[in-house]
Amino acid sequence: MQSSGSSEYLLDQQAEELRKRKLQELSTTKKKPILQPKRTFREAFRFYSTSLLAFLSVTGGSSLLFLVPLYVDPAISTLASNFVVEPTICVTQRREDLTGLFNCSWSSCREGCTSDVFKCSHIYVAFIENFTFPANLKPLELVNLTDSMTLYSEDSVLLVNIKGCGYPPKVKCDPFIDLYGHEGTIFPCYYSQVNKTVVLTHYSRDDQIQTIINFFLIPFIVTVLASVGLCCIHCDCRCKKERVKKRRKPRYRQPRLENVSDSSISTRIDLLTAAIEVYKSPPIL
């Protein structure tokens, strides 16, 4: 009994030492770092080109949402109005300073194109048709010139641009109204040949075309090219035939029976009967 107890004690002690040794080995062993596979040049090029093209596509598409109503639409409307190329002489007839939302449906100058306006200024001018503004005349000579020539009698509206609104620093309404809003002021202007009641103080056809190219054509081309690039990288853009030719199933030919005659058939029957006679079923117990 004592020997069996001592042997069990020794076994327990050895097991305890083995367990401690295992714990010590586990604590001392360090975790091996997981080595990630390196990207090949093709995979790296695919990743970075995809990121760049996606950035260009999203940026170009979102920029069009803001540039078209703010810059492109006014430029197209200005070109469609067909303003005269050379400036003519304009004379301010009167200015009306109004208040109230009903009275301010339009304004000669407004800072901001989306908010409602409760105070506005209407500037009405008269101009000389088919006349080019002389650059070297003195103010007194301009006054005499306007008195001697016939002005377009219908009330024409003076606008800072075709929409009558804008954002600083390009559009500043206080200096605009102070400069052109006094009765009898003479200045060069551009009137629309389509609607002669619309007059601008500044106009350049080349600037409007450049605005359309910079704020619409370039972002649109960048967006389209980036989208096509993404399609070529990640999609199969090749044209496929709608109709797929069906594969013809091979026809299996029946084997030809050679030497089909009365003698061959009779020979086969004789062989078959001989085989039947040889084979005898076992007796039933």
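# Briefing: a pocket, two bent helices and some unusual backbone

Asn130 counts as exposed, at 74% relative accessibility. This residue belongs to a predicted model. The protein chain has 285 residues, and 26% of them count as buried. Its secondary structure comes to six helices and five strands. The points below cover the layout, the pocket, the helices α2 and α5, and the backbone.

**Overall layout**
- From the N terminus on, the order of elements is α-α-β-β-α-β-α-β-β-α-α.
- The chain thus opens with two helices and also ends with two helices.
- Take the contacts between residues at least 6 apart in sequence: 78% of them join residues at least 24 apart.

**The largest pocket**
- The volume of the largest pocket is about 890 Å³.
- Its lining is made up of 33 residues.
- Which residues lie nearest the centre of this pocket? They are Val160, Asn161, Cys165, Lys170 and Val171.
- By type, the lining has 20 nonpolar residues, nine polar ones and four charged ones.
- Three helices each supply at least two lining residues: α2 (41-81), α4 (173-180) and α5 (205-234).
- Of the elements, α2 gives the most to the lining, with six residues.

**Helix α2**
- α2 spans residues 41-81.
- Where does α2 bend? The bend is at Val68 and comes to about 60°.
- A proline, Pro69, follows Val68 within four residues.
- Buried residues of α2 include Ser49, Thr50, Leu53, Ser57, Gly60, Leu64 and Leu67.
- Val72, Pro74, Ala75, Thr78 and Ser81 of α2 are buried too.
- α5 is part of what covers the buried residues of α2.

**Helix α5**
- α5 has 30 residues.
- From first C-alpha to last, α5 reaches 43 Å, close to the 44 Å expected at 1.5 Å a residue.
- α5 has a kink of about 35°, centred on Ile213.
- Its buried residues are Gln208, Thr211, Ile212, Pro219, Thr223, Ala226, Gly229 and Leu230.
- The cover over these buried residues includes α2.
- The covering therefore runs both ways: α5 helps to cover α2, and α2 helps to cover α5.

**Unusual backbone**
- Most residues other than glycine have a negative phi, and most peptide bonds are trans.
- Asn82 departs from the phi pattern: its phi is positive, near 55°, and Asn82 is not a glycine.
- Asn82 follows α2, in the loop between α2 and β1 (88-99).
- Is Asn82 buried, partly exposed or exposed? Asn82 is partly exposed, with a relative accessible area of 34%.
- Asn130 also has a positive phi, of about 55°, although this residue is not a glycine.
- Asn130 sits in the loop between β2 (119-127) and α3 (139-148).
- Asn130 counts as exposed because its relative accessibility is 74%, and the cut-off for exposed is over 50%.
- Which peptide bond is cis? The bond from Pro168 to Pro169 is cis, with omega near 0°.
- Pro169 lies in the loop between β3 (156-159) and α4.

Key: Residues numbered from 1 in each chain as written. Predicted model: local features only at pLDDT ≥ 70, side-chain atom pairs only at ≥ 80, totals over all residues. Heavy atoms only, no water. 1 Å grid on protein atoms, 1.4 Å probe; cavity = no way out; pocket = protein on both sides within 12 Å on 5 of 7 lines; lining within 4 Å. Points joined across faces, edges and corners; volume = space filled by probe spheres on them. Nonpolar A, V, L, I, M, F, W, Y, C, P; charged D, E, K, R; others polar. Bend = angle between axes of the 7 residues up to and from the residue. Buried < 20%, exposed > 50% of the residue type's maximum accessible area, 1.4 Å probe, protein only. Contact = heavy atoms within 4.5 Å. Expected span 1.5 Å × (residues − 1).
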